[in-house]
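I open this notebook to record what I looked up in one structure. The entries go from a single residue outward to the chain as a whole.

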Amino acid sequence: MEEEILDDLYECILDGDQPETPIQVQKALAAGLSPDVILNDSMIAAMTEVGALFEAGEYFVPEMLISARAMQAGLDVLRPYLVDSGVESAGKMVIGTIKGDIHDIGKNLVVMMMEGGGFEVIDLGIDKSAAEFVVAVEEHQPDVVGMSAMLTTTMSYMGTVVAALKEKGLRDDVVILIGGAPINEAFAEEIEADAYCKSAAIAADMAKKLMAIKAGNA
Ligand code: B12
């Protein structure tokens with residue numbers, strides 16, 4: 001039964017069925033399935049399959065796009081269950097998808113999870129330049145800066161942002177978290193980010209841990 005509900009939702013996203021996806025998410029919630037299971041075992045799994053089909057030449061950009069829209073429509077329903085309100089503020093985060101890159105589903109999930117973890121989040125959106133990150137850090141003085149990249153061609157620009165923050169003397173004021181499909185720990189080390197996060201689920205805890213270490217060192 002539960003398996004069937006998750007499969008139906010998976011198929012909805014794979015087919016890019018935007019009207020039906022939120023209905024299926026509601027159905028899964030009503031059946032008592034946990035938001036985590038719905039998100040990871042069905043919705044993110046479907047997006048991973050969309051990527052595999054694209055790579056295999058069976059899906060093209062339009063199919064990816066309509067699946068992404070269905071995913072977003074489903075996430076809108078899930079959002080209140082992922083974002084716990086009323087938590088004491090844990091800190092402030094500025095986040096954006098890096099220049100040249102328009103993927104934002106992963107970033108949007110990080111926003112939800114960080115808000116769920118008590119952070120105030122300033123979401124810069126997609127395709128953000130180093131200058132835009134610098135201006136946002138100057139203006140909002142966040143504890144955490146998050147960057148997302150989904151393309152091997154855009155990931156290296158994260159290093160440009162770190163360098164720009166350094167140049168302005170802002171680097172040491174913030175914890176820098178990076179993520180996205182092509183990113184790994186070695187890359188985070190290479191560009192001198194503080195940490196790579198494999199999933200949005202670990203972002204808030206990672207930020208809190210690194211903020212505490214930073215405060216201890218200060
Ligand atoms: C949906 C999608 C699109 C949609 C995006 C819509 C949108 N609003 O985001 C559209 C159709 C626009 C698109 C376009 C393109 N795409 Co695309 N896309 C995808 C797809 C299928 C799913 C991405 C996704 O949403 N995943 C689900 C989310 C939840 O996962 P996630 O993003 O990884 O995020 C999680 C973690 O990584 C982490 N995370 C992510 N960011 C951050 C940041 C921080 C701070 C932290 C802490 C954590 C974190 O947390 C998230 C949740 O746990 C992927 C395939 C894949 N396997 O990822 C290809 C994929 C990323 N795309 C790809 C390509 C090639 C393209 C195009 C170049 C295609 C083209 N020929 O035009 C364009 C590029 C456009 C551009 N300039 O950005 C390739 C990239 C290959 C590469 N090695 O570079 C992929 C891997 C597909 C493939 N297998 O070939 N795409």
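**Entry 1: M114 and its surroundings**

I located M114 in helix α5, which covers residues 105-116. I note here that the model is a predicted one.

I then asked whether M114 is buried or exposed. Its relative accessible area is 0%, and since buried means under 20%, M114 counts as buried.

Next I looked up which residues M114 touches once its neighbours within four places in sequence are left aside. I found contacts with M93, F119, V121, A203, A204 and A207.

For one of these partners, A203, I also looked up the spacing of the C-alpha atoms. M114 and A203 lie 89 residues apart along the chain, yet their C-alpha atoms are separated by 6.8 Å.

**Entry 2: Helix α1**

I turned to helix α1, which runs over residues 2-15 and has 14 residues. From its first C-alpha to its last it reaches 20 Å, close to the 20 Å expected at 1.5 Å a residue.

Which residues of α1 are buried? I listed I5, L6, L9, C12, I13 and L14. As background, I recorded that an α-helix has 3.6 residues a turn, so residues three or four places apart point the same way.

I looked up what the buried residues of α1 pack against, and found α2 (20-30), α3 (35-55) and α4 (61-82). After α1 comes G16, and the phi of G16 is positive, near 70°.

**Entry 3: The chain as a whole**

I recorded 9 helices and 5 strands for the chain. In sequence order the pattern is α-α-α-α-β-α-β-α-β-α-β-α-β-α. The radius of gyration is 18 Å, close to the 17 Å that the globule rule gives for 218 residues, so the chain is as compact as a globular protein of that length. Along the principal axes, the C-alpha atoms fill a box of roughly 55 × 40 × 25 Å.

I asked what percentage of the 218 residues count as buried, and the value is 47%. Among contacts with a separation of 6 or more, 72% join residues 24 or more positions apart.

**Entry 4: Surface and charge**

I noted an exposed area of about 10,900 Å² for the chain, of which carbon and sulfur atoms supply 52%.

Finally, I looked up how many charges of each sign the chain has. There are 14 positive and 37 negative charges, and their mean positions are 9 Å apart.

Note on methods
Residues are numbered from 1 along each chain as its sequence is written. This is a predicted model: local features need pLDDT of at least 70, side-chain atom pairs count only at pLDDT 80 or more; totals for chains, interfaces and linings use all residues. Side-chain values use heavy atoms; hydrogens and water are left out. Helices (H or I, at least four residues) and strands (E, at least two) are DSSP runs, numbered from the N terminus. The radius of gyration is taken over C-alpha atoms; the globule rule is 2.2 Å times the number of residues to the power 0.38. Buried means under 20% relative accessible area, exposed over 50%, partly exposed in between (1.4 Å probe, protein chains only). Contact means heavy atoms within 4.5 Å. Accessible areas come from the Shrake-Rupley method with a 1.4 Å probe; for residues, only the protein chains shown count as cover. Lys and Arg count as positive and Asp and Glu as negative; His and the chain ends are not counted. The place of a charge is taken as NZ of Lys, CZ of Arg, CG of Asp or CD of Glu. The expected span of a helix is 1.5 Å times one less than its number of residues.
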